[in-house]
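Let's take a friendly tour of a protein chain, going from its inner strands out to its surface. Keep the 3D view open as you read.

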Amino acid sequence: MDGRRVLGRFWSGWRRGLGVRPVPEDAGFGTEARHQRQPRGSCQRSGPLGDQPFAGLLPKNLSREELVDALRAAVVDRKGPLVTLNKPQGLPVTGKPGELTLFSVLPELSQSLGLREQELQVVRASGNSGLVLLSSCPQTASRLQKYFTHARRAQRPTATYCAVTDGIPAASEGKIQAALKLEHIDGVNLTVPVKAPSRKDILEGVKKTLSHFRVVATGSGCALVQLQPLTVFSSQLQVHMVLQLCPVLGDHMYSARVGTVLGQRFLLPAENNKPQRQVLDEALLRRLHLTPSQAAQLPLHLHLHRLLLPGTRARDTPVELLAPLPPYFSRTLQCLGLRLQ
């Protein structure tokens, strides 16, 4: 089958316009929820998935040319030197030499978009689905990166993620603080919490991390949560939700750290728990219309759908970028009866 026909099927329902609008300076956490368009229909109407992959994932085994075509189709906004993508789940930003990643095809993507003099560079990107900000101007990229760095130091969130969690946080909103480190366990680099880190730990790579969270909706033992990281660390948001005993749906890396006995959840030692496929209870599987084997392939439901950028002048209101949720994410919300307000 022609690769472009396959891509066309996967990108239907995904390639929608990206909202770009000025934001009032007093806009609070969750403001973007009012603008998110909800898909029509119900999970029941969608029916079981059968053997079809989850809609909105990047097809596997793409050629280099097909990946460039997919990224070009994912471009949802261009203004001056800035190019914004709504990146699908399954595409790594970086990787080993020879692997197809976002970084590896930036030269071809730049040419495909008609940018001959300056090659695109990454300004802001997440390993998950959602917004990716690129720039063909080094000065603009540098200015925006300084803006993001200054905002983090001032503890002003600029990125908002949507997540569906298996479990409902005890508090409706709050902060999650944890010291984290990267540890090589059984050939895999994993993020591990560190209790009461010493000064030596900090010097050796342990980082104190912070995220804001807000529960938007709950249903069927799950929650739709908005997350705003105020620090940057590998898998920070996934591990933070595990520490709340509410792993992100589709988290096949860290969810095994949450154990259950007689309906009560508790944390298991991170160092002794290898990554494994997330196990969902039968009631949730029925609600999602998934078999256990399908649930083992469930994509991570963590999507970067809002970014704030500075205005042209210092006193201008921030500019808000919004990316739609992936089709599989929207389907899950329908199945669970969850809605963005």
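Which residue stands opposite leucine 304 in strand 13? It is glycine 130. Keep in mind as you look that this is a predicted model.

**The chain as a whole**

Before following that pair further, step back for an overview. The chain has ten helices and 14 strands. Of its 341 residues, 51% are buried. Its accessible surface comes to about 17,400 Å², and carbon and sulfur atoms account for 49% of that area. Contacts also tell us about the fold: among those between residues at least 6 apart in sequence, 71% join residues at least 24 apart.

**Strand 13 and its partners**

Now find strand 13, which covers residues 302-309. Why can we call this strand largely enclosed by the rest of the structure? Eight of its eight residues are buried, so the rest of the structure largely encloses it. The cut-off behind that word is a relative accessible area under 20%.

Strand 13 pairs with strand 5, strand 6 and strand 14, as the table shows.

| Partner of strand 13 | Sense | Bridges | A residue pair to find |
|---|---|---|---|
| Strand 5 (residues 129-135) | parallel | two | Serine 129 and histidine 303 |
| Strand 6 (residues 159-166) | antiparallel | five | Alanine 163 and leucine 302 |
| Strand 14 (residues 319-322) | antiparallel | four | Leucine 307 and leucine 321 |

The opening pair, glycine 130 and leucine 304, belongs with the strand 5 row. While you trace these strands, a general point may help. In a regular strand, side chains alternate between the two faces of the sheet.

**Strand 5 and its other neighbours**

Strand 5 is worth a visit of its own. How many of its residues are buried? Seven of its seven residues are, and the strand is mostly covered.

Besides pairing with strand 13 in the parallel sense, strand 5 has antiparallel partners. Strand 3 (residues 82-87) pairs with strand 5 over six bridges in the antiparallel sense, and here leucine 82 stands opposite serine 135. Strand 4 (residues 121-124) also runs antiparallel to strand 5, with three bridges between them. In that pairing, valine 122 faces leucine 134 as its opposite residue. Strand 4 and strand 5 form a hairpin, and four residues lie between them.

**The nonpolar cores**

Next, look at the nonpolar side chains inside. In soluble globular proteins, nonpolar side chains tend to be buried together. In this model, the largest nonpolar core has 29 residues. Which residues have the most contacts inside it? They are Leu133, Phe148, Tyr161, Leu227 and Leu302.

Several elements contribute to this core. At least two residues each come from strand 5, helix 5 (138-153), strand 6, strand 9 (207-219), strand 10 (222-229), helix 7 (236-243) and strand 13. Strand 13 gives the most, supplying five residues. Apart from this core lies another one, of 24 residues, which include Phe54, Val164, Leu284 and Leu340.

**Out to the surface**

Not every nonpolar residue is hidden away. Val261, Leu262 and Phe266 form a nonpolar patch on the surface, and together they have about 330 Å² of accessible area. Valine 261 is part of strand 11 (residues 258-261). With a relative accessible area of 47%, valine 261 counts as partly exposed. Leucine 262 sits in the loop between strand 11 and strand 12 (264-267). Is leucine 262 buried or exposed? Its relative accessible area is 85%, so leucine 262 is exposed; the exposed class begins over 50%.

**Two backbone angles to notice**

Leucine 262 has something else to show you. Its phi is near 50°, a positive value in a residue other than glycine. Most residues other than glycine have a negative phi. Serine 235 is another case: its phi is near 60°, again positive in a residue other than glycine. You will find serine 235 in the loop between strand 10 and helix 7. Its relative accessible area is 23%, so serine 235 is partly exposed.

**Looking back**

To finish, return to strand 13. Its eight residues are buried, and this strand gives five residues to the largest nonpolar core. Then turn to Leu262, which belongs to the surface patch and is exposed.

Terms used. Residues are numbered from 1 along each chain as its sequence is written. This is a predicted model: local features need pLDDT of at least 70, side-chain atom pairs count only at pLDDT 80 or more; totals for chains, interfaces and linings use all residues. Side-chain values use heavy atoms; hydrogens and water are left out. Buried means under 20% relative accessible area, exposed over 50%, partly exposed in between (1.4 Å probe, protein chains only). Two strands pair if DSSP finds at least two bridges between them. Patches are made of residues with over 30% relative accessible area and no salt bridge: like charges are joined within 9 Å, nonpolar side chains (Val, Leu, Ile, Met, Phe, Trp, Tyr) within 5 Å. Accessible areas come from the Shrake-Rupley method with a 1.4 Å probe; for residues, only the protein chains shown count as cover. A salt bridge is a side-chain nitrogen of Lys or Arg within 4 Å of a carboxyl oxygen of Asp or Glu. A nonpolar core is a set of buried Ala, Val, Leu, Ile, Met, Phe, Trp, Tyr and Cys residues joined through side-chain atoms within 4.5 Å. Contact means heavy atoms within 4.5 Å.
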